[in-house]
Structure formats: C-alpha cells, structure tokens
Amino acid sequence: MMTKQIETHTLREWLEAHQPVTVLDVRTDDDRTQWAIPGSLHVNAYEALRNGQPGALVDLVIPADRPVVTVCNAGKVSQIAAEVLASRGFDARSLTGGMKAWSLAWNAADVPLVDSSVRVTQVRRTGKGCLSYIVASDGEAAVIDPSVTPEVYLDIAQRHRWSIRYVLDTHVHADHLSRAGALARQAGAMLLLPPQDRARFAFFPISDGERIRVGSATLRALHTPGHTPESTSYVFNEAAVFTGDTLFTNGVGRPDLHADPDAARARARTLFKSLGRLRQLRPEIMILPAHASEPIAFDGQPVAARLGDVDAWLVGWLSSESAFVDRVRSRLPPTPPNFVRIVDLNESGDFPTSDATELEAGANRCAVT
Ligand SMILES: [Fe+2]
C-alpha cells in the first residue's frame, strides 16, 4: 500500500483555515517536550512503530470523520503510523519531512497598534517560534529579523502594494539563519545592521539614536546590548519596539552565548542597563520580540505585550543589579543546538541551502524566563 503524504505547506493551510484534522505526534516523550505542533495529540509510539510491534496505536481513539496527519522527526516512522491507521480505515497521511520540515512552516498575525497610521505584521515560524516583522507606512515597508524565505515578505509587501526599502536585523542570531541579506538583495532594499565587527559582508550600520524614514513614519535605533554586544532595538513611531532577543513578553535575553562565565556576568550587567533603557519608553508601546518560548498557534494572535504589562514582572527583576545578574545566570536554558555553526554562517553571510533545516531544527533557546 502506498502511504499518503501531506506537505508542510498544505498542513499549514489546513490549520490556518481551521479545517478539521487530527495531527498525531508519534515521537518520544523527550522529543515532544522539545517542541511540538500546537493542537497536536501525542502518543509515544515511536519505538513500537519502528520495531513493527503489532499493538502499536491499537488503543488510540481519534475522530473518524476527519483526516489524520502523523508526525515524527524526519517523516519515516510517521509513514508506518499512517499505514497502521489507514489499515484501520482512517484517512491517514504522513507529514513529509516530519518536524524538521515543519521547522519552516509559518503564519502571520497583524499587530494592533494605538497609532493607526502605521501597520505591523508579525511573521512567525510556528515550529521554532522565531518572530519577524514587516512594518509599513504610506506605501513603504521595512522588514525586521527575517527568518523565513524572502518570498514570504515579498508576497505580503506585494499584496499591500508596499515597497520594501529596508531590511534590518536586531543582532547576529544564534537560533536561526538570517534571511536579511537574501531578502535585501531580492527586494533591492538597504541592509541595515547595528555597528559591529562580527559580520564579514557589506551592510549599512545603524547606530544608537539614528532614524530612518519608512513612508511617513520613523524607525529609531536604540542600542540595547547584553544578549549580544551589538543587540539593538528599533522603535517604530513610538508605537512599537522590536526588541530582538533583549526583552521578550515573558523573559529576557540570555547573556552567555559565546561568553566565558566572567564575560557572561559582565553582559548580564549590560543587559540590566539596556532593560532600564527600554523601560523609559511609554507604557503603551508594544513590545515585539524576535521569538516566543512556545510553538505558535494558528490563532492569528500576535505574540506581543504592552510595556506597561511587561513591566509588572520586569520591575521586580530589575530591583537590583546583582540580584538580576544572579537570577539570569541561575536560569540559563541549555545551549541551543548548532549555535556555533549558525552564528558563524550569520557572520559570514553564507546561506547553506542544503542543510539549513537540519541546522535550525529544534526549539528556541535564547531566553531566560
Ligand atoms: Fe539571539
């Protein structure tokens, strides 16, 4: 029997359209806790399926009136699961490429802002939780921290008749390969990065306090080092601030990647000051970070929070510098997989098409929460 397959883009469309479908994750408990497709069911049947045990999935109770999509890490064991379910009469398909391929699935959400003269769309890699943005005013647009294929941003811009003038990164990313250079080239836009000696390719530096015009709106650079030395936030018309991996809606950036313990402590102190700078912005301003800590649901809800709301917990974290440094250093998540290679590629500006998904697979680990 031929196993039916489903491509990630089709599953993405089904979920976005709220089409009835059961997504059945058959990976191990360990893999499941790393990251998962929102709304999916989990049955740890990985070993049983791989070993051809006849009882695998026999206790499973799922609706018979809708397709079931089976998911594993790379799309092999999920084929066995789909065959087992098909033999029991289900319309079962295996997700081609598994979670590795799903790592590139994305969706978009509009961000509501107090300033109606500007538009912000959040483009999210649903599996990894990477958040990127296209901001617009009066027919012009800028893209911040692009993390999915350039065509996604070009399509959004084209649909709204926006012309992309600028592409910016908040910092040298460690969790995903930056698409900023590729997008800038394809869009004919200027590539803007914080001043630094890390990137080994041509870019226009945007320094603390510098402003660029996007239509009739202003994007202002606010240097917020700590997570990395060059980390910079961008304030859009004082209505939204793109904080990169400096400040999240529920945590702060980790200061320890590429740093020995002393350097990490110094960076945590720098981060403390940067967070104090961000707290000076108006309470209504929308905090828009570069990633979420959980895979993102297909709910159209942006991952965002007003500074005033974030400040409810942040003020406690910042009550003293030494307590902040201790807190951050005691809660560091495990080092992200492949970050040395990803950082090296992001510094070189090369984009390896062959093993990009392999490198990027896995959860985001840039935050302390
Ligand atoms: Fe980062």
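Good morning. I begin with two histidines: His171 is buried, and His227 is buried as well. The model in front of you is a predicted one, and these two residues lead directly to its metal site.

Which residues give the iron ion its protein donors? They are His171 and His227, each through NE2, together with Asp245 through OD, at 2.0 to 2.4 Å from the ion. Written along the sequence, the spacing of these donor residues is H-x55-H-x17-D. The two histidines connect distant parts of the chain, being 56 residues apart. His171 sits in the loop between strand E10 (163–168) and helix H7 (180–187), while His227 sits in the loop between strand E14 (217–223) and strand E15 (232–236).

I turn now to the sheets. One open sheet is made of seven strands, in the order E6-E7-E8-E9-E10-E11-E12, with mixed pairing. Its edges are strand E6 (106–110) and strand E12 (204–205); each has a single partner strand, so one side of each lacks a neighbour in the sheet. Within this sheet, strand E8 (residues 131–137) and strand E9 (residues 140–144) run antiparallel and are joined by five bridges. Ser137 is found opposite Glu140 of E9. Helix H7 packs on the sheet, where it touches E9, E10 and strand E11 (190–193), and its direction makes about 155° with that of E10.

Which residues of H7 are buried? They are Ala180, Leu183 and Ala184. These residues lie on the same side of H7, because they cover an arc of only 100° around the axis. Their cover includes E9, helix H6 (150–160), E10 and E11. Just after H7 comes Gly188, with a positive phi of about 65°.

The other sheet to describe is also open: six strands, ordered E13-E14-E15-E16-E18-E19, again with mixed pairing. Here E13 and strand E19 (305–306) are at the edges with a single partner strand each, so each has one side without a neighbour in the sheet. E18 and E19 form an antiparallel pair over two bridges, and Ile287 stands opposite Ala305 in E19. Helix H8 (residues 261–279) packs on this sheet, touching E14, E15 and E16, and its direction makes about 155° with that of E14.

Next, the interior. In soluble globular proteins, nonpolar side chains tend to be buried together. In this model, the largest nonpolar core has 27 residues, of which Val120, Leu168, Leu219, Phe236 and Phe242 touch the most other members. At least two residues of this core come from each of E8, E9, E10, strand E13 (211–214), E14, E15, strand E16 (240–244) and strand E18 (286–289). Beyond its neighbours within four places in sequence, Phe242 is in contact with a set of residues including Val120, Tyr133, Ile144, Leu219, Phe236 and Leu288. A second, separate core has 21 residues, among them Val235, Leu281, Val310 and Leu318.

I close with a single residue, Ile62, in the loop between helix H3 (46–50) and strand E4 (68–71). Is Ile62 buried or exposed? Its relative accessibility is 10%, and because buried means under 20%, Ile62 counts as buried. Leaving aside neighbours within four places in sequence, Ile62 is in contact with Thr22, Leu41, Val68 and Phe90. Ile62 and Phe90 are 28 residues apart in sequence, with their C-alpha atoms 9.4 Å apart in space. Thank you.

Note on methods: Residues are numbered from 1 along each chain as its sequence is written. This is a predicted model: local features need pLDDT of at least 70, side-chain atom pairs count only at pLDDT 80 or more; totals for chains, interfaces and linings use all residues. Side-chain values use heavy atoms; hydrogens and water are left out. Donors are N, O and S atoms within 2.8 Å of the metal (3.2 Å for Na, K and Ca); water is not among the atoms, so sites may look incomplete. Helices (H or I, at least four residues) and strands (E, at least two) are DSSP runs, numbered from the N terminus. Buried means under 20% relative accessible area, exposed over 50%, partly exposed in between (1.4 Å probe, protein chains only). Two strands pair if DSSP finds at least two bridges between them. Contact means heavy atoms within 4.5 Å. Axes are lines fitted to C-alpha atoms, for helices over the stretch in contact, and angles run from 0 to 180 degrees between N-to-C directions. A nonpolar core is a set of buried Ala, Val, Leu, Ile, Met, Phe, Trp, Tyr and Cys residues joined through side-chain atoms within 4.5 Å. The arc is that of the directions from the helix axis to the C-beta atoms.
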